[in-house]
Amino acid sequence: MNLENVLPMDIEKRSFEIITEELGQLKLDPEKESIIKRVIHTSADFDYARNLRFSDHVVEDTLAVLKKGGFTIVTDTKMANVGINKTALAKLGGTAVCFMSDPDVAARAKEAHSTRAAACMEKACTLEGPVIIAVGNAPTALVRLDELIREGKIKPALVIGVPVGFVNVVQSKEIIMQSGVPYIVAVGRKGGSNVAASICNALMYKLTATKEQTNRK
């Protein structure tokens, strides 16, 4: 077995070269290409080249929101929150929050006989400024979010819907794609907190990346 001789600083660059090579003749929309490749880089799963869905003009519109700053990314897991690049976030004047451990969220979930993830979406309604919802774990968050959207309590600038699993995962993603808000969704069962974070990062890198930052997760 022959190992590639790659310097540590070049490993990610080489990874993206391999991704491009293995995609072969598959043509990706240039606007979405860096997002799709970053998700593949995070997951080593080439299915994302075909199962990521984007609402019309979502990348362009989201970049306009990011440029203005003052936005909040709400995640449904601490893992996704940790995975968001805080340097890029700070450069754009945004914040990232996860409400899962908040006592009021736990109390609300218990009172409503719902999940904490669903209660997190209710708390997101209290935020000021543009809100980006990044769900990588809980389909109940997307289901409750859709209800809140229809009730006029929240209008996210973007919903990243990539929960992973088996129970109501596929259905929750379909619901969000019909909710009338901008979305990036991984159809099917695949997803995860790492995927949610990578999509957030890929969008931010379009505005903040230097040559040295381009291939950071």
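**Exercise 1.** Which residues touch the most other members of the largest nonpolar core?

*Solution.* The model is predicted, so local features need pLDDT of at least 70 and side-chain atom pairs count only at pLDDT 80 or more, while totals for chains, interfaces and linings use all residues. Residues are numbered from 1 along each chain as its sequence is written, and side-chain values use heavy atoms, with hydrogens and water left out.

Step 1. A nonpolar core is a set of buried Ala, Val, Leu, Ile, Met, Phe, Trp, Tyr and Cys residues joined through side-chain atoms within 4.5 Å; buried means under 20% relative accessible area, exposed over 50%, and partly exposed in between (1.4 Å probe, protein chains only).

Step 2. Ile73 and Ile199 touch the most other members of the largest core, which has 39 residues.

Step 3. The most residues in this core, nine, come from helix α11 (residues 193-208); helices are DSSP runs (H or I, at least four residues), numbered from the N terminus.

**Exercise 2.** Describe the two sides of helix α1 (residues 11-23).

*Solution.* Step 1. Phe16, Ile19 and Leu23 of α1 are buried.

Step 2. Viewed down the axis of α1, the buried residues fall within an arc of 55 degrees, so they line one face of the helix; the arc is that of the directions from the helix axis to the C-beta atoms.

Step 3. These buried residues pack against α2 (30-43) and α3 (48-51), whereas Glu21 and Glu22, on the other side of α1, are exposed.

Key:
Contact means heavy atoms within 4.5 Å.
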